[in-house]
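Here is an informal walk through one protein chain, with an eye on how its pieces hold on to each other. Have the structure open as you read.

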Amino acid sequence: MSNLTLEVNMKKDLTLYRNIGIFAHVDAGKTTTTERILKLTGKIHKIGEVHEGAATTDFMEQEQERGITIQSAATSCFWKDHQLNIIDTPGHVDFTIEVYRSLKVLDGGIGVFCGSGGVEPQSETNWRYANDSKVARIIYVNKLDRTGADFFSVVKQVEEILAATPLVMVLPIGIESDFKGVVDLLTRKAWIWDDSGDPMNYTIEEVPEDMKEQVEEYREAMVEFAIEQDDAIMEKYLEGEEITIDEIKACIRKGTRELAFFPTYCGSSFKNKGVQLVLDAVVDYLPNPTEVPPQPEMDAEGNKIEGAFAHVDPEKPLRALAFKIMDDRFGALTFTRIYSGTISKGDTILNNATGKTERVSRLVEMHANSREEIETAQAGDIVAIVGMKTVQTGHTLCDPKAPATLEPMVFPDPVISVAVSPKKKGDNEKMSMALSKMVQEDPSFYMETDQESGETIIKGMGELHLDIKVDILKRTHGVEVEVGKPQVAYRESITKTINDSYTHKKQSGGSGQFGKIDYVIEPGETGSGFQFESKVTGGNVPREFWPAVQKGFEQSIDKGVLAGYPCVDLKVTLMDGAYHPVDSSAIAFEIAAKAAYRQSVPKAGPQLLEPIMHVDVFTPDDYMGDVIGDLNRRRGMIKSQNSTPMGARIKADVPLSEMFGYIGDLRTMTSGRGQFSMEFSHYAPCPANVAEEVIKEAHERQAALA
């Protein structure tokens with residue numbers, strides 16, 4: 001490649017970049033909206049429809065068949081000289097991990113809401129994730145052509161349910177089957193599309209006579225809210241001077257970047273109406289990579305280093321985050337957001353998590369499932385590197401001469417597991433290899449071999465999550481499997497404090513072993529995991545043996561004393577002990593700690609904990625009593641119930657063990673109209689009768705294996 005080309009590449013204008021995500025509740029029209037954006041930006045020529053299973057970004061068979069997005073797909077396109085890197089994320093709750101990791105690397109987002117469904121359960125979860133990641137957003141109320149659509153009702157729900165401030169930028173012209181366009185409040189112009197379905201077939205006209213008063217009222221409210229961002233412009237406005245459109249835009253841009261409000265648009269993606277104004281808003285109001293706070297760099301303990309940041313600058317050392325691994329027919333693709341520096345084909349880069357270097361053999365820019373080879377990429381880019389061997393989601397890629405670690409991604413623990421075994425005897429190795437690839441791609445999916453039974457166990461975030469994984473095994477990897485009964489990821493903990501002592505002594509045959517420990521085992525704070533402290537003074541247990549005592553307890557808590565589930569929220573304090581100058585060793589103290597755990601935990605009031613899920617149900621009003629009654633029967637604790645124009649929203653905390661098969665029951669109860677979303681909330685003690693049953697089952701399983 002010539003130096004001139006490289007120089008041109010290096011001088012990309014980052015102010016013309018927008019890294020954005022599109023996220024919403026399942027079926028609000030994210031993927032259809034992405035399709036329209038690709039059509040309008042000239043990236044595709046024929047629009048693919050989700051309901052026909054032909055959407056560009058839904059390229060997995062499972063996505064095309066179910067009409068839902070499972071993997072977030074990355075694509076690049078151009079609008080008004082700006083490069084948009086777009087990630088279309090899933091809406092279904094079991095795949096929120098995809099939304100979470102996408103938000104981590106984006107600078108802005110489009111929150112899509114259904115004009116009739118409004119703020120649905122999953123859009124609330126996604127909005128909360130976006131708030132946590134401090135991502136600037138614009139709101140797009142889609143499907144205004146649908147029966148029951150109400151733009152103003154959705155705006156109100158955004159205020160009430162999301163506690164957010166929508167800044168209304170357009171008003172709909174007509175509604176439901178009469179929806180034909182929007183009025184742009186900034187320019188006071190009406191955009192009207194014909195019924196040909198061609199997004200380019202529109203005219204810009206004067207505001208319809210019957211809307212003029214409403215337009216002026218909303219425009220004034222929008223201007224007054226926007227100019228609060230700039231004292232000088234506000235003063236000018238109060239003195240009666242005319243504010244220019246550019247000045248209003250500058251204020252809206254500032255307020256959007258600072259999350260003071262969210263510019264709100266509407267349209268019908270399916271009918272190709274209103275998407276252009278959303279694209280204009282992405283360019284006008286969402287931040288470019290240089291306008292978002294730089295990523296902090298971390299030390300080896302995971303703490304932020306004072307004053308160390310990955311600044312968006314191609315001249316600085318390389319800092320990039322691998323946010324997604326995807327295996328396809330061309331090899332492993334590592335989706336990467338570059339925060340500083342550049343990556344070029346042939347470079348050697350360091351994976352700071354493993355300490356290993358790898359060579360960049362190929363670099364590609366993604367467009368859904370097709371790709372364009374590129375020679376170099378720089379700060380601000382989202383690209384895929386082909387063929388990385390040791391990289392996993394959340395790893396930092398950096399310059400070997402200037403290593404650094406970026407803030408990693410934190411993924412929730414799985415709450416459900418099933419045993420899988422291949423239907424064909426010879427498929428064991430094939431299944432293991434396929435599962436290993438799938439684990440690399442999805443950090444919320446786990447695989448392990450049960451030491452006692454030899455079974456392969458897969459773990460995930462919900463029934464649908466594991467259902468899709470089994471489907472991928474069959475379709476993508478050609479392995480059909482038998483699936484066991486879903487198992488809940490129970491935990492164990494203790495309720496009492498125990499002061500105890502244990503002596504490990506072995507004199508027979510060979511060198512002796514000796515280690516005595518006096519210790520306190522007590523319940524820890526909820527969510528504290530395992531904690532260890534030593535208060536030994538005077539050298540009765542030499543300092544070099546403390547880590548061995550910690551290791552012995554730490555390895556023991558994997559198996560609780562009630563039913564063999566991991567023991568959590570436990571604190572061990574080593575108070576005193578004794579050692580022998582010849583017979584004591586690290587291994588002797590480790591064995592003492594393991595035996596101490598088995599001796600003391602049964603006396604410490606052990607209890608079984610079960611995962612409690614936060615369940616959010618939407619149902620038509622007629623079925624509300626049935627749904628609440630059913631949740632109560634499932635040991636659910638109703639947290640809130642609210643009526644919306646479309647039906648009732650019920651929020652409850654329900655044990656996961658009671659939620660298997662809930663989607664089928666809910667559909668039966670509500671004549672197919674109910675929806676729900678579910679995410680892990682916390683662990684809580686099991687009622688005695690449930691605990692007895694779980695413990696009995698665990699003992700029967702262990703006896704069968706013995």
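## A bridge between two loops

Let's start with a charged pair: K271 and D145 join their side chains in a salt bridge, with N and O 3.4 Å apart. K271 belongs to the loop between β11 (262-266) and α10 (275-285), while D145 belongs to the loop between β5 (136-142) and α6 (151-161), so this bridge ties together parts that are 126 residues apart in sequence. K271 counts as partly exposed, because its relative accessibility is 39%.

## The chain as a whole

Stepping back, bear in mind that this is a predicted model. The protein chain has 17 helices and 38 strands. It runs to 706 residues, and 54% of them count as buried.

How much of the contact in the chain, counting separations of 6 or more, comes from residues 24 or more positions apart? The share is 72%. As for salt bridges, searching the whole structure turns up 31.

## Helix α9 and its two partners

Helix α9 (residues 245-257) packs against helix α7 (residues 212-226), with an angle of about 60° and 9 Å between the axes. That angle makes α7 oblique to α9. The crossing of α7 past α9 is left-handed. On the α7 side the contact uses R219, M222, V223 and A226, and on the α9 side I245, I248, C251 and I252. Sorted by class, the contact of α7 with α9 has seven nonpolar residues, no polar ones and one charged.

Now for α10. Its axis and that of α9 are also 9 Å apart, and the packing angle is about 80°. The two helices, α9 and α10, are therefore roughly perpendicular to each other. From α9 the contact takes K249, I252, R253, T256 and R257; from α10 it takes V283, D284 and Y285. By class, the contact of α9 with α10 splits into three nonpolar residues, one polar and four charged. I252 turns up in the α7 contact and in the α10 contact too.

## Two more charged pairs

Which residue does K249 pair with in a salt bridge? The partner is D284, and their closest N and O atoms are 3.3 Å apart. K249 sits in helix α9 and D284 in helix α10, so the pair ties together parts that are 35 residues apart in sequence. K249 is partly exposed, with a relative accessible area of 26%, and D284 is partly exposed at 25%. Both residues also appear in the list of contacts between α9 and α10.

Strands get a bridge as well. E373 pairs with R362, and here the closest N and O atoms are 2.7 Å apart. E373 is in strand β20 (residues 370-374) and R362 in strand β19 (residues 362-367), with their positions 11 residues apart in sequence. E373 counts as partly exposed at 44% relative accessibility, and so does R362 at 26%.

## A charged network with D665

Some of the charged residues form a network rather than a lone pair: salt bridges link D630, R633, R634 and D665. D665 lies in helix α16 (residues 662-669). Is D665 buried or partly exposed? It counts as partly exposed, because its relative accessibility is 35%. D665 also sits 9.6 Å from V627, C-alpha to C-alpha, though the two are 38 residues apart in sequence.

## Buried spots

Q295 is found in strand β12 (residues 295-298). At 13% relative accessibility, Q295 counts as buried, because the cut-off is under 20%. Which residues touch Q295, once neighbours within four places in sequence are set aside? They are K104, A308, F309, A310, Y339, L406 and E407.

Helix α13 (residues 546-556) has its own set of buried residues: W546, A548, V549, G552, F553 and S556. In an α-helix, residues three or four places apart point the same way, because there are 3.6 residues a turn. The elements that cover the buried residues of α13 include the strands β32 (513-523), β33 (530-534) and β34 (570-578), along with helix α14 (586-600).

How values were computed. Residues are numbered from 1 along each chain as its sequence is written. This is a predicted model: local features need pLDDT of at least 70, side-chain atom pairs count only at pLDDT 80 or more; totals for chains, interfaces and linings use all residues. Side-chain values use heavy atoms; hydrogens and water are left out. Helices (H or I, at least four residues) and strands (E, at least two) are DSSP runs, numbered from the N terminus. Buried means under 20% relative accessible area, exposed over 50%, partly exposed in between (1.4 Å probe, protein chains only). Axes are lines fitted to C-alpha atoms, for helices over the stretch in contact, and angles run from 0 to 180 degrees between N-to-C directions. Angles under 35 degrees count as roughly parallel, over 145 as roughly antiparallel, 65 to 115 as roughly perpendicular and the rest as oblique. A crossing is left-handed if the near helix is turned anticlockwise from the far one by less than a right angle, and right-handed if clockwise. Contact means heavy atoms within 4.5 Å. Ala, Val, Leu, Ile, Met, Phe, Trp, Tyr, Cys and Pro count as nonpolar, Asp, Glu, Lys and Arg as charged, and the others, Gly among them, as polar. A salt bridge is a side-chain nitrogen of Lys or Arg within 4 Å of a carboxyl oxygen of Asp or Glu.
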